[in-house]
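Dear colleague,

I am passing on the structure below, and after it you will find my notes on what I found there. Please read them with the structure open beside you.

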There are 2 protein chains.
Amino acid sequence: MGKESGREDGLIRLITQISKAMHRRSTEETLGMKLKAFLLLSYLRDHPAVTQQELEGALMLDANGVVLLLNELEAARWSVRRRDPEDRRRHLVEMTPSGRQAMERAEKARENLERELVQDMSVDERATLYRLLKKVWEAVQQPA
Amino acid sequence: MGKESGREDGLIRLITQISKAMHRRSTEETLGMKLKAFLLLSYLRDHPAVTQQELEGALMLDANGVVLLLNELEAARWSVRRRDPEDRRRHLVEMTPSGRQAMERAEKARENLERELVQDMSVDERATLYRLLKKVWEAVQQPA
DNA sequence: TATTGTTATACTCTATAACTATA
DNA sequence: TATAGTTATAGAGTATAACAATA
């Protein structure tokens, strides 16, 4: 058997575990909102007026999931849907001012958590981690 | 705004998305079993006789989740629970020969998928990715 | 006829607490 | 009395298909 050189644990197991643990620590209490809500709002920060189909792709939700999540966000007055004048089948989703406030508060909580997670890494290592994860993200999205 | 130097997208978003996409692609059809079942069996491969509490920690499940998953595995004849003679409250969980077979088949499917995901990376980059993800995994497990 | 979003429905996963048996 | 595992239950999350409005 010789050198038991660190069995490859598997990306899937590692990513799955990390994702679960991150979700457990991103509670509604610390974020001020559900993680899913935060992920949608922070997407709206970078993409001011998007259709629901865009959100499906960006957040890996199905059409139904987007509707349900937006219902929650609108109930909290954090986002609004308005008809697209150019195609009245479409909605354009936007963040409200109070949505932005809530998102920025949650963003601070996210930064605090992530700072903990990478505190033992150098700046270079952090950049490398992001770069490599983005590569994985590109690859995993390919149909098959 | 000058240099839009790549806003830090956030580890949480990236990991969440990758995890979702990986799960979508790790179908029962390609693995021959559910991903959760595979993760448990591959843990048993490396830890031949474990208590259910060990599985809770290792797989980030609660006691109930372990019971339910083991029920499925036993129904498929892939694992067995036997009483620990030294403490009859405990179960020792073990993989059956057919469980090993099924696991090894699923392992090949996992390797195929992961090969795709890292195909654009050098050997060094792959090792670095694993190393850094393990650091994140250590850090995210800390209580708070 | 095709597309966007909605509703309705069911299925899976996860979390909680009460219960059994062993210590 | 405390622990390991189980059961029961409800809650959240996810997936499917039928539907309404608009193109």
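A phosphate oxygen of DNA strand C is 2.9 Å from an N or O atom in the side chain of Lys36(B), and I should say at once that this distance, like every other value in this email, comes from a predicted model. The elements that supply two or more residues to the surface near DNA strand C are, in chain A, helix H4 (52–59), helix H5 (63–75) and strand E2 (87–95), joined by strand E2 (87–95) of chain B. Chain A also reaches the phosphates of DNA strand C, with an N or O atom in the side chain of Arg81(A) 3.0 Å from a phosphate oxygen, while at His91(A) it is a polar backbone atom that is 3.0 Å from a phosphate oxygen of the strand.

Taking DNA strand C as a whole, there are 16 residues around it, of which Gln52(A), Gln53(A), Lys36(B), Asn64(B) and Arg89(B) come nearest. Of the atoms of DNA strand C that come within 4 Å of the protein, sugar and phosphate account for 62%. Sorted by class, the surface near this strand has 8 charged, 6 polar and 2 nonpolar residues.

For DNA strand D there are 17 residues around the strand, and those that come nearest are Asn64(A), Arg88(A), Arg89(A), Gln52(B) and Gln53(B). Here sugar and phosphate account for 66% of the strand's atoms that come within 4 Å of the protein. The side chains of chain B provide several phosphate contacts: an N or O atom of Gln52(B) is 2.7 Å from a phosphate oxygen of DNA strand D, an N or O atom of Gln53(B) is likewise 2.7 Å from a phosphate oxygen, and for Arg81(B) the corresponding distance is 3.0 Å. At least two residues of the surface near DNA strand D are supplied by each of E2 of chain A and, in chain B, helix H4 (52–59), helix H5 (63–75) and E2. By class, that surface has 9 charged, 6 polar and 2 nonpolar residues.

The E2 strands named above also belong to hairpins. In chain A, strand E1 (residues 79–84) pairs with E2(A) in the antiparallel sense over 6 bridges, the hairpin that joins them passes through 2 residues, and Asp84(A) stands opposite Asp87(A) in E2(A). In chain B, strand E1 (residues 79–84) runs antiparallel to E2(B) and is joined to it by 6 bridges; 2 residues lie between E1(B) and E2(B) in their hairpin, and Asp84(B) stands opposite Asp87(B).

Thr96(A) has its place in the loop between E2 and H6 of chain A. Thr96(A) counts as buried because its relative accessible area is 15%, which is under 20%. A polar atom of its side chain lies 2.7 Å from the backbone oxygen of Arg77(A), and, leaving aside neighbours within four places in sequence, Thr96(A) is in contact with Arg77(A), Trp78(A), Ser79(A) and Val80(A).

Arg110(A), which is in helix H6 (residues 97–117) of chain A, is a charged residue that counts as buried, because its relative accessibility is 9%. Its side chain is joined to that of Glu114(A) by a polar contact of 2.8 Å.

Turning to the nonpolar interior, Leu55(A) is found in helix H4 of chain A and counts as buried, because its relative accessibility is 0%. Not counting residues up to four places away in sequence, Leu55(A) touches Leu40(A), Tyr43(A), Val50(A), Met60(A), Val66(A), Leu70(A) and Val93(A). In soluble globular proteins, nonpolar side chains tend to be buried together. From C-alpha to C-alpha, Leu55(A) is 17 Å from Glu138(A), the two being 83 residues apart in sequence.

The largest nonpolar core has 92 residues, and among these Leu133(A) and Leu133(B) touch the most other members. Which residues does Leu133(A) touch, not counting those up to four places away in sequence? They are Ile15(A) from chain A and, from chain B, Leu11(B), Leu14(B), Ile15(B), Ile18(B), Leu129(B) and Leu133(B).

With best wishes

Definitions and conventions
Residues are numbered from 1 along each chain as its sequence is written. Chains are lettered from A and ligands numbered from 1 in the order in which they are written. This is a predicted model: local features need pLDDT of at least 70, side-chain atom pairs count only at pLDDT 80 or more; totals for chains, interfaces and linings use all residues. Side-chain values use heavy atoms; hydrogens and water are left out. A residue is near a molecule or strand if one of its heavy atoms lies within 4 Å of it. A polar contact is a pair of N or O atoms within 3.5 Å; within protein, one must be able to donate a hydrogen and the other to accept it, and residues adjacent in sequence count only if both atoms are side-chain atoms. Helices (H or I, at least four residues) and strands (E, at least two) are DSSP runs, numbered from the N terminus. Buried means under 20% relative accessible area, exposed over 50%, partly exposed in between (1.4 Å probe, protein chains only). Contact means heavy atoms within 4.5 Å. A nonpolar core is a set of buried Ala, Val, Leu, Ile, Met, Phe, Trp, Tyr and Cys residues joined through side-chain atoms within 4.5 Å. Two strands pair if DSSP finds at least two bridges between them.
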